[in-house]
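Let us test some structural labels against their definitions. Each answer should set a value beside its cut-off.

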Amino acid sequence: MSAILKVENLSKAFSGVRAVREASFEVEQGSITGLIGPNGSGKSTTIDCISGFQRIDAGRVELDGDDITNLAAPDVAHAGLIRTFQNVRVYDSFDLLDNLLVADAALGGLHWYDALMRTRSFRSVSAAAEARASALLDLVGLSRLIHAPATVLSYGQKKLLAFAAAMMARPRLIVLDEPVAGVNPTRINELADILRKANAGGISFLIVEHNVEFINSLCHKVIVFEQGRKLMEGPPDTVRNDPRVLDAYLGIAPASGASPAEAT
Ligand SMILES: Nc1ncnc2c1ncn2[C@@H]1O[C@H](COP(=O)(O)OP(=O)(O)OP(=O)(O)O)[C@@H](O)[C@H]1O
Ligand SMILES: [Mg+2]
């Protein structure tokens with residue numbers, strides 16, 4: 001299977017803190033890939049680096065065979081890679097429709113004020129964009145709030161809105177940073193279904209999450225980071241049962257006899 005995303009020997013340091021160290025991994029075309037690891041293990045920094053929000057110190061990033069290393073974020077987005085943020089970013093005072101239209105206008109090269117002021121340059125693209133925005137709000141179950149300001153949304157609903165905004169650009173790869181952290185458990189399954197549907201429609205995903213149950217139920221492959229390095233990767237069942245992963249999270253060696261694979 002070919003890779004939609006290929007990361008080779010990515011390294012990034014912040015004034016001496018080596019946040020990511022020579023990490024290499026791939027996201028296969030059409031897959032949902034998980035990225036897990038303890039707090040501070042470099043997951044968000046890795047996302048920032050591949051999506052153009054941080055410059056990398058060394059390494060190479062390819063999107064579907066094209067070199068996107070250190071492109072600016074809007075160029076990465078144009079190439080087909082859209083990301084969401086760990087601290088959800090929506091425009092609270094704008095209604096849901098405008099939230100999606102602003103996301104779309106920014107990617108289409110329009111200024112955000114063109115989108116909001118409904119200028120003529122905006123009008124020329126609004127019909128198609130509005131139809132898509134409304135279909136996406138339907139997909140995430142928020143269409144009844146299309147004209148409500150985003151401030152009325154719960155935290156979980158804001159994450160759904162951020163996901164819909166990411167979908168506006170018809171990306172090939174969506175990178176989600178902790179999409180279900182702080183989200184009501186009953187909504188987590190809803191989001192899993194939405195992601196499966198989008199994946200069946202051809203979008204590949206890289207998902208950073210601490211909710212291992214969510215990751216295991218969704219992902220074809222799970223990558224584990226520890227202290228800025230890739231510790232291991234494999235199918236969810238293999239990763240779940242690997243004593244090194246337990247050790248990385250708990251900082252202790254697994255109890256004697258806990259697993260036949262522990263003697264490494
Ligand atoms: N902008 C920054 N400036 C300085 N240090 C940073 C910056 N961003 C991240 N770091 C450091 O880099 C390391 C990796 O952080 P990162 O946020 O990538 O971890 P993470 O795996 O996403 O953690 P979490 O699960 O808590 O979100 C940490 O030591 C963090 O303090
Ligand atoms: Mg993080």
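Q: What makes the pair formed by Gly 40 and ligand 1 a polar contact?
A: In this predicted model, a backbone N or O atom of Gly 40 lies 2.8 Å from an oxygen atom of ligand 1. A polar contact is a pair of N or O atoms within 3.5 Å, so this pair qualifies. Polar backbone atoms of Gly 42, at 3.0 Å, and Ser 44, at 2.9 Å, also face an oxygen atom of ligand 1.

Q: How do you know how much of ligand 1 is covered?
A: Taken alone, ligand 1 exposes 640 Å², and the protein buries 63% of that. The areas come from the Shrake-Rupley method with a 1.4 Å probe.

Q: Which elements give two or more residues to the shell around ligand 1?
A: They are strand S2 (17-28) and helix H1 (43-50). H1 gives the largest share, three residues. Helices (H or I, at least four residues) and strands (E, at least two) are DSSP runs, numbered from the N terminus.

Q: Why is strand S8 called mostly covered?
A: Five of its five residues, 204-208, are buried. Buried means under 20% relative accessible area (1.4 Å probe, protein chains only), so the label fits.

Q: What makes S3 and S7 pairing partners of S8?
A: Pairing needs at least two DSSP bridges between two strands. Four join S3 to S8, and five join S7 to S8, so both pairs pass. Both run parallel to S8.

Residues are numbered from 1 along each chain as written, with chains lettered from A and ligands numbered from 1 in written order. In this predicted model, local features need pLDDT of at least 70, side-chain atom pairs count only at pLDDT 80 or more, and totals for chains, interfaces and linings use all residues, while side-chain values use heavy atoms, without hydrogens and water.

Terms used
Buried means under 20% relative accessible area, exposed over 50%, partly exposed in between (1.4 Å probe, protein chains only). A polar contact is a pair of N or O atoms within 3.5 Å; within protein, one must be able to donate a hydrogen and the other to accept it, and residues adjacent in sequence count only if both atoms are side-chain atoms.
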